[in-house]
Protein chains: 2
Amino acid sequence: MSTTGMPDDATEVYRRYLGAVMLNGLAAARACGLGATDLYALNVLGATGPMTPGELSARTGLTTGPTTRLIDRLEQAGYVRRVPDPGDRRKVIVEQVGTPAELDEALAPARRKVAEVLQSYSPEQLDTLFDYFARATDAFRPG
Amino acid sequence: MSTTGMPDDATEVYRRYLGAVMLNGLAAARACGLGATDLYALNVLGATGPMTPGELSARTGLTTGPTTRLIDRLEQAGYVRRVPDPGDRRKVIVEQVGTPAELDEALAPARRKVAEVLQSYSPEQLDTLFDYFARATDAFRPG
DNA sequence: AGATTTATCTTCTCTGAGGAAGAGATTAGG
DNA sequence: CCTAATCTCTTCCTCAGAGAAGATAAATCT
(Lines give C-alpha, C1' and ligand atoms only; values in the text may rest on other atoms or scores of the structure.)
Protein backbone atom coordinates (compact mmCIF):
# COMPACT_ATOMS: atom_id res chain seq x y z
CA MET A 1 0.00 0.00 0.00
CA SER A 2 1.59 3.21 -1.16
CA THR A 3 0.20 5.32 1.64
CA THR A 4 1.99 3.29 4.24
CA GLY A 5 5.17 2.42 2.45
CA MET A 6 4.46 -1.26 2.98
CA PRO A 7 4.74 -3.58 -0.01
CA ASP A 8 1.36 -4.76 -1.22
CA ASP A 9 1.79 -8.42 -0.35
CA ALA A 10 2.89 -7.53 3.17
CA THR A 11 -0.17 -5.33 3.49
CA GLU A 12 -2.30 -8.24 2.42
CA VAL A 13 -0.76 -10.52 5.04
CA TYR A 14 -1.34 -7.87 7.62
CA ARG A 15 -4.91 -7.20 6.51
CA ARG A 16 -5.76 -10.87 6.79
CA TYR A 17 -4.18 -10.95 10.19
CA LEU A 18 -6.26 -8.02 11.42
CA GLY A 19 -9.35 -9.63 9.95
CA ALA A 20 -8.63 -12.84 11.82
CA VAL A 21 -8.17 -10.97 15.07
CA MET A 22 -11.46 -9.15 14.58
CA LEU A 23 -13.25 -12.32 13.64
CA ASN A 24 -12.03 -14.10 16.70
CA GLY A 25 -12.95 -11.22 18.99
CA LEU A 26 -16.41 -10.84 17.51
CA ALA A 27 -17.05 -14.55 17.77
CA ALA A 28 -15.97 -14.54 21.41
CA ALA A 29 -18.20 -11.57 22.17
CA ARG A 30 -21.13 -13.26 20.52
CA ALA A 31 -20.49 -16.41 22.51
CA CYS A 32 -20.76 -14.33 25.67
CA GLY A 33 -23.97 -12.69 24.50
CA LEU A 34 -22.24 -9.35 24.10
CA GLY A 35 -23.23 -6.95 21.35
CA ALA A 36 -20.67 -4.99 19.38
CA THR A 37 -21.26 -1.85 21.41
CA ASP A 38 -20.91 -3.75 24.66
CA LEU A 39 -17.60 -5.17 23.55
CA TYR A 40 -16.52 -1.78 22.33
CA ALA A 41 -17.30 -0.23 25.69
CA LEU A 42 -15.44 -2.97 27.54
CA ASN A 43 -12.43 -2.38 25.36
CA VAL A 44 -12.60 1.34 26.01
CA LEU A 45 -12.77 0.73 29.74
CA GLY A 46 -9.92 -1.74 29.53
CA ALA A 47 -7.75 0.60 27.50
CA THR A 48 -8.45 3.85 29.33
CA GLY A 49 -9.47 2.77 32.80
CA PRO A 50 -12.47 3.70 34.94
CA MET A 51 -14.55 6.63 33.75
CA THR A 52 -17.93 8.27 34.23
CA PRO A 53 -20.95 7.35 32.11
CA GLY A 54 -20.62 10.75 30.47
CA GLU A 55 -17.09 10.01 29.31
CA LEU A 56 -18.09 6.57 28.18
CA SER A 57 -20.97 7.99 26.20
CA ALA A 58 -18.61 10.43 24.52
CA ARG A 59 -16.22 7.59 23.66
CA THR A 60 -18.88 5.31 22.28
CA GLY A 61 -20.78 8.05 20.49
CA LEU A 62 -23.99 7.07 22.25
CA THR A 63 -26.33 9.53 23.90
CA THR A 64 -26.73 9.31 27.64
CA GLY A 65 -29.88 7.22 27.65
CA PRO A 66 -28.49 4.23 25.76
CA THR A 67 -25.26 4.60 27.71
CA THR A 68 -27.11 4.09 30.97
CA ARG A 69 -28.62 0.89 29.65
CA LEU A 70 -25.31 -0.19 28.18
CA ILE A 71 -23.79 0.08 31.64
CA ASP A 72 -26.83 -1.72 33.07
CA ARG A 73 -26.20 -4.63 30.72
CA LEU A 74 -22.50 -4.81 31.50
CA GLU A 75 -23.15 -4.50 35.21
CA GLN A 76 -25.81 -7.18 35.19
CA ALA A 77 -23.48 -9.48 33.31
CA GLY A 78 -20.83 -8.84 35.96
CA TYR A 79 -18.28 -7.17 33.69
CA VAL A 80 -18.49 -3.79 35.30
CA ARG A 81 -19.36 -2.01 38.53
CA ARG A 82 -20.80 1.40 39.37
CA VAL A 83 -18.99 3.27 42.14
CA PRO A 84 -20.06 6.66 43.47
CA ASP A 85 -17.60 9.46 42.85
CA PRO A 86 -16.45 10.63 46.30
CA GLY A 87 -15.78 14.16 45.09
CA ASP A 88 -19.02 14.78 43.17
CA ARG A 89 -22.15 13.01 44.22
CA ARG A 90 -23.84 13.53 40.88
CA LYS A 91 -21.19 11.43 39.23
CA VAL A 92 -20.76 7.70 38.95
CA ILE A 93 -17.58 5.90 38.10
CA VAL A 94 -17.76 2.82 35.92
CA GLU A 95 -14.95 0.37 36.39
CA GLN A 96 -14.19 -3.09 35.11
CA VAL A 97 -14.56 -5.93 37.57
CA GLY A 98 -11.27 -7.75 37.10
CA THR A 99 -10.90 -9.30 33.68
CA PRO A 100 -14.08 -10.53 32.04
CA ALA A 101 -13.85 -14.21 32.81
CA GLU A 102 -16.30 -15.52 30.25
CA LEU A 103 -14.77 -13.43 27.53
CA ASP A 104 -11.33 -14.63 28.51
CA GLU A 105 -12.62 -18.18 28.44
CA ALA A 106 -14.01 -17.68 24.95
CA LEU A 107 -10.73 -16.22 23.79
CA ALA A 108 -8.62 -18.91 25.47
CA PRO A 109 -8.44 -21.42 22.61
CA ALA A 110 -7.04 -18.84 20.24
CA ARG A 111 -4.65 -17.58 22.89
CA ARG A 112 -3.39 -21.07 23.48
CA LYS A 113 -2.68 -21.49 19.82
CA VAL A 114 -0.96 -18.14 19.71
CA ALA A 115 1.11 -19.14 22.72
CA GLU A 116 2.15 -22.24 20.82
CA VAL A 117 3.22 -20.12 17.90
CA LEU A 118 5.13 -17.81 20.20
CA GLN A 119 7.01 -20.70 21.77
CA SER A 120 8.77 -21.33 18.51
CA TYR A 121 10.60 -18.03 18.65
CA SER A 122 13.93 -17.25 20.27
CA PRO A 123 14.09 -14.86 23.24
CA GLU A 124 15.39 -12.10 20.97
CA GLN A 125 12.56 -12.65 18.54
CA LEU A 126 10.07 -12.58 21.38
CA ASP A 127 11.50 -9.26 22.49
CA THR A 128 10.85 -7.94 19.02
CA LEU A 129 7.30 -9.27 18.98
CA PHE A 130 6.35 -7.89 22.35
CA ASP A 131 7.98 -4.60 21.57
CA TYR A 132 5.73 -4.51 18.53
CA PHE A 133 2.64 -5.42 20.56
CA ALA A 134 3.26 -2.59 22.99
CA ARG A 135 3.95 0.01 20.33
CA ALA A 136 1.17 -1.11 17.99
CA THR A 137 -1.29 -0.81 20.86
CA ASP A 138 -0.64 2.92 20.88
CA ALA A 139 -0.83 3.05 17.11
CA PHE A 140 -4.31 1.57 17.22
CA ARG A 141 -5.53 3.98 19.85
CA PRO A 142 -8.20 6.23 18.47
CA GLY A 143 -7.23 9.86 17.93
CA MET B 1 -1.51 -16.93 32.13
CA SER B 2 -0.97 -20.45 33.25
CA THR B 3 -3.11 -22.05 30.58
CA THR B 4 -0.94 -20.66 27.85
CA GLY B 5 2.46 -20.76 29.40
CA MET B 6 2.86 -17.04 28.86
CA PRO B 7 3.98 -14.93 31.80
CA ASP B 8 1.13 -12.85 33.19
CA ASP B 9 2.56 -9.46 32.29
CA ALA B 10 3.16 -10.59 28.73
CA THR B 11 -0.43 -11.79 28.57
CA GLU B 12 -1.56 -8.39 29.74
CA VAL B 13 0.44 -6.62 27.04
CA TYR B 14 -1.03 -8.97 24.51
CA ARG B 15 -4.58 -8.56 25.81
CA ARG B 16 -4.32 -4.80 25.57
CA TYR B 17 -2.97 -5.15 22.08
CA LEU B 18 -5.87 -7.32 20.97
CA GLY B 19 -8.29 -4.92 22.61
CA ALA B 20 -6.79 -2.02 20.71
CA VAL B 21 -7.04 -3.91 17.42
CA MET B 22 -10.68 -4.74 18.10
CA LEU B 23 -11.49 -1.21 19.14
CA ASN B 24 -9.97 0.20 16.00
CA GLY B 25 -11.76 -2.28 13.76
CA LEU B 26 -15.12 -1.73 15.39
CA ALA B 27 -14.74 2.03 15.14
CA ALA B 28 -13.86 1.72 11.47
CA ALA B 29 -16.85 -0.51 10.83
CA ARG B 30 -19.15 1.90 12.57
CA ALA B 31 -17.73 4.76 10.51
CA CYS B 32 -18.71 2.83 7.39
CA GLY B 33 -22.21 2.18 8.66
CA LEU B 34 -21.50 -1.53 9.02
CA GLY B 35 -23.16 -3.54 11.77
CA ALA B 36 -21.30 -6.15 13.74
CA THR B 37 -22.76 -9.02 11.73
CA ASP B 38 -21.92 -7.31 8.46
CA LEU B 39 -18.34 -6.84 9.55
CA TYR B 40 -18.20 -10.39 10.78
CA ALA B 41 -19.41 -11.69 7.44
CA LEU B 42 -16.92 -9.57 5.54
CA ASN B 43 -14.15 -10.94 7.70
CA VAL B 44 -15.33 -14.47 7.09
CA LEU B 45 -15.36 -13.87 3.35
CA GLY B 46 -11.95 -12.27 3.50
CA ALA B 47 -10.48 -15.09 5.54
CA THR B 48 -12.04 -18.04 3.73
CA GLY B 49 -12.77 -16.75 0.26
CA PRO B 50 -15.95 -16.85 -1.82
CA MET B 51 -18.73 -19.10 -0.56
CA THR B 52 -22.43 -19.76 -0.96
CA PRO B 53 -25.05 -18.04 1.19
CA GLY B 54 -25.63 -21.38 2.87
CA GLU B 55 -22.03 -21.64 3.96
CA LEU B 56 -22.04 -18.04 5.07
CA SER B 57 -25.16 -18.62 7.10
CA ALA B 58 -23.50 -21.59 8.79
CA ARG B 59 -20.42 -19.51 9.56
CA THR B 60 -22.33 -16.56 10.95
CA GLY B 61 -24.87 -18.64 12.82
CA LEU B 62 -27.73 -16.86 11.10
CA THR B 63 -30.68 -18.62 9.52
CA THR B 64 -31.08 -18.35 5.79
CA GLY B 65 -33.53 -15.47 5.83
CA PRO B 66 -31.34 -12.96 7.64
CA THR B 67 -28.38 -14.21 5.61
CA THR B 68 -30.09 -13.23 2.38
CA ARG B 69 -30.67 -9.74 3.68
CA LEU B 70 -27.15 -9.58 5.08
CA ILE B 71 -25.83 -10.29 1.59
CA ASP B 72 -28.29 -7.76 0.18
CA ARG B 73 -26.87 -5.11 2.47
CA LEU B 74 -23.27 -5.94 1.64
CA GLU B 75 -24.04 -6.10 -2.06
CA GLN B 76 -25.87 -2.81 -2.04
CA ALA B 77 -22.98 -1.20 -0.20
CA GLY B 78 -20.65 -2.55 -2.89
CA TYR B 79 -18.61 -4.81 -0.65
CA VAL B 80 -19.74 -8.03 -2.19
CA ARG B 81 -21.12 -9.53 -5.39
CA ARG B 82 -23.43 -12.45 -6.17
CA VAL B 83 -22.24 -14.75 -8.94
CA PRO B 84 -24.19 -17.75 -10.21
CA ASP B 85 -22.54 -21.09 -9.58
CA PRO B 86 -21.81 -22.55 -13.03
CA GLY B 87 -22.10 -26.13 -11.76
CA ASP B 88 -25.34 -25.82 -9.80
CA ARG B 89 -27.89 -23.25 -10.82
CA ARG B 90 -29.59 -23.29 -7.45
CA LYS B 91 -26.47 -21.96 -5.87
CA VAL B 92 -25.07 -18.49 -5.65
CA ILE B 93 -21.50 -17.61 -4.87
CA VAL B 94 -20.84 -14.58 -2.74
CA GLU B 95 -17.48 -12.98 -3.27
CA GLN B 96 -15.80 -9.85 -2.06
CA VAL B 97 -15.44 -7.06 -4.58
CA GLY B 98 -11.78 -6.19 -4.27
CA THR B 99 -10.92 -4.72 -0.91
CA PRO B 100 -13.63 -2.72 0.81
CA ALA B 101 -12.42 0.78 -0.03
CA GLU B 102 -14.33 2.69 2.62
CA LEU B 103 -13.28 0.27 5.31
CA ASP B 104 -9.69 0.49 4.15
CA GLU B 105 -9.96 4.24 4.24
CA ALA B 106 -11.26 4.15 7.79
CA LEU B 107 -8.45 1.83 8.82
CA ALA B 108 -5.77 3.80 7.00
CA PRO B 109 -4.73 6.14 9.83
CA ALA B 110 -4.00 3.24 12.14
CA ARG B 111 -2.20 1.38 9.39
CA ARG B 112 -0.05 4.39 8.68
CA LYS B 113 0.96 4.54 12.33
CA VAL B 114 1.67 0.84 12.36
CA ALA B 115 3.75 1.24 9.23
CA GLU B 116 5.75 3.89 11.05
CA VAL B 117 6.32 1.51 13.92
CA LEU B 118 7.35 -1.23 11.52
CA GLN B 119 9.90 1.01 9.84
CA SER B 120 11.95 1.06 12.99
CA TYR B 121 12.73 -2.65 12.76
CA SER B 122 15.58 -4.35 10.97
CA PRO B 123 14.87 -6.66 8.01
CA GLU B 124 15.44 -9.70 10.24
CA GLN B 125 13.03 -8.36 12.81
CA LEU B 126 10.46 -7.67 10.12
CA ASP B 127 10.80 -11.26 8.94
CA THR B 128 10.01 -12.36 12.46
CA LEU B 129 7.00 -10.06 12.71
CA PHE B 130 5.51 -11.07 9.39
CA ASP B 131 6.14 -14.70 10.12
CA TYR B 132 4.15 -14.16 13.27
CA PHE B 133 1.34 -12.36 11.43
CA ALA B 134 0.96 -15.21 9.00
CA ARG B 135 1.01 -17.94 11.63
CA ALA B 136 -1.18 -16.06 14.09
CA THR B 137 -3.76 -15.63 11.36
CA ASP B 138 -4.20 -19.38 11.34
CA ALA B 139 -4.22 -19.48 15.13
CA PHE B 140 -7.14 -17.09 15.18
CA ARG B 141 -9.12 -19.09 12.67
CA PRO B 142 -12.25 -20.45 14.24
CA GLY B 143 -12.34 -24.19 14.71
C1' DA C 1 -41.16 -38.70 -15.60
C1' DG C 2 -42.36 -38.08 -10.76
C1' DA C 3 -40.98 -37.54 -6.06
C1' DT C 4 -37.66 -36.02 -2.84
C1' DT C 5 -34.04 -33.22 -1.39
C1' DT C 6 -31.34 -29.07 -1.55
C1' DA C 7 -30.59 -24.03 -1.93
C1' DT C 8 -32.03 -19.50 -2.00
C1' DC C 9 -35.28 -16.04 -1.31
C1' DT C 10 -39.75 -13.87 0.55
C1' DT C 11 -42.99 -12.48 4.12
C1' DC C 12 -44.43 -11.69 8.64
C1' DT C 13 -43.47 -10.88 13.33
C1' DC C 14 -40.87 -9.53 17.24
C1' DT C 15 -37.05 -8.42 20.16
C1' DG C 16 -33.57 -5.20 21.31
C1' DA C 17 -30.64 -1.20 20.74
C1' DG C 18 -30.55 3.74 19.93
C1' DG C 19 -32.40 8.73 19.80
C1' DA C 20 -35.16 12.58 21.97
C1' DA C 21 -36.95 14.84 25.69
C1' DG C 22 -37.40 15.59 30.24
C1' DA C 23 -37.16 14.49 35.49
C1' DG C 24 -34.41 14.30 39.74
C1' DA C 25 -30.31 15.25 42.25
C1' DT C 26 -26.19 17.84 43.02
C1' DT C 27 -22.86 21.40 42.34
C1' DA C 28 -21.30 26.08 41.09
C1' DG C 29 -21.94 31.03 40.72
C1' DG C 30 -23.94 35.57 41.40
C1' DC D 1 -29.83 31.84 48.98
C1' DC D 2 -31.53 31.30 44.64
C1' DT D 3 -30.65 30.45 39.88
C1' DA D 4 -28.22 28.18 36.35
C1' DA D 5 -25.48 24.46 34.89
C1' DT D 6 -24.13 19.61 35.14
C1' DC D 7 -24.69 14.66 35.53
C1' DT D 8 -27.29 10.56 35.51
C1' DC D 9 -31.33 8.17 34.82
C1' DT D 10 -36.23 7.37 33.10
C1' DT D 11 -39.77 7.17 29.58
C1' DC D 12 -41.46 6.89 25.09
C1' DC D 13 -40.78 6.11 20.33
C1' DT D 14 -38.57 4.30 16.20
C1' DC D 15 -36.15 1.13 13.41
C1' DA D 16 -32.75 -2.21 12.04
C1' DG D 17 -31.84 -6.95 12.33
C1' DA D 18 -33.00 -11.82 13.56
C1' DG D 19 -36.18 -15.97 13.71
C1' DA D 20 -39.99 -18.91 11.70
C1' DA D 21 -42.43 -20.65 8.08
C1' DG D 22 -43.29 -21.16 3.57
C1' DA D 23 -42.53 -20.27 -1.63
C1' DT D 24 -39.75 -21.05 -5.71
C1' DA D 25 -36.40 -23.14 -8.49
C1' DA D 26 -33.15 -26.64 -9.52
C1' DA D 27 -30.75 -30.90 -8.88
C1' DT D 28 -30.91 -35.92 -7.60
C1' DC D 29 -32.80 -40.48 -7.23
C1' DT D 30 -35.81 -44.26 -8.24
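In this predicted model, the protein surface near DNA strand D is made up, by class, of nine charged, eight polar and four nonpolar residues. Altogether 21 residues surround the strand, and the closest are A:Gly54, A:Thr64 and A:Arg90 from one chain, with B:Thr37 and B:Arg69 from the other. Three elements each supply at least two residues of this surface, namely helix H3 (53-60) and helix H4 (64-76) of chain A, together with helix H4 (64-76) of chain B. Among the contributors, H4(A) gives the most, with four residues.

Which part of the strand faces the protein can be put in numbers: of the atoms of DNA strand D within 4 Å of the protein, 59% belong to sugar or phosphate, and the rest belong to bases. Both kinds of approach can be followed at individual residues. On the phosphate side, a polar backbone atom of A:Gly54 is 3.0 Å from a phosphate oxygen of DNA strand D. On the base side, A:Arg90 places a polar side-chain atom 2.7 Å from a base oxygen of DNA strand D, while in chain B a polar side-chain atom of B:Arg69 lies 2.9 Å from a base nitrogen of that strand.

Because residues of both chains take part in this surface, the relation between the chains is worth following next. Chain A is superposed on chain B by a rotation of 180° with 0.1 Å of shift along the axis, at an RMSD of 0.2 Å, and that is the relation of a two-fold axis. The contact between the chains fits this picture, since 100% of the interface residues of chain A are also interface residues in chain B, so the copies meet through the same surface.Within chain B, helix H3 (residues 53-60) contains B:Ser57. Is this serine buried or exposed? With a relative accessible area of 9%, B:Ser57 is buried, the cut-off for that term being under 20%. Leaving aside its neighbours within four places in sequence, B:Ser57 is in contact with B:Leu62, B:Thr63 and B:Thr67.

A wider view of chain A shows how its sequence is divided, with domain 1 covering 34-98 and domain 2 covering 101-143. The C-alpha centres of these two domains of chain A lie 26 Å apart.

Key. Residues numbered from 1 in each chain as written. Chains lettered and ligands numbered in written order. Predicted model: local features only at pLDDT ≥ 70, side-chain atom pairs only at ≥ 80, totals over all residues. Heavy atoms only, no water. Near = heavy atom within 4 Å. Polar contact = N/O pair within 3.5 Å; in protein donor to acceptor, adjacent residues only side chain to side chain. Nonpolar A, V, L, I, M, F, W, Y, C, P; charged D, E, K, R; others polar. Least-squares fit on C-alpha atoms with pLDDT ≥ 70 in both. Contact = heavy atoms within 4.5 Å. Buried < 20%, exposed > 50% of the residue type's maximum accessible area, 1.4 Å probe, protein only. Domains from an automatic or database assignment.
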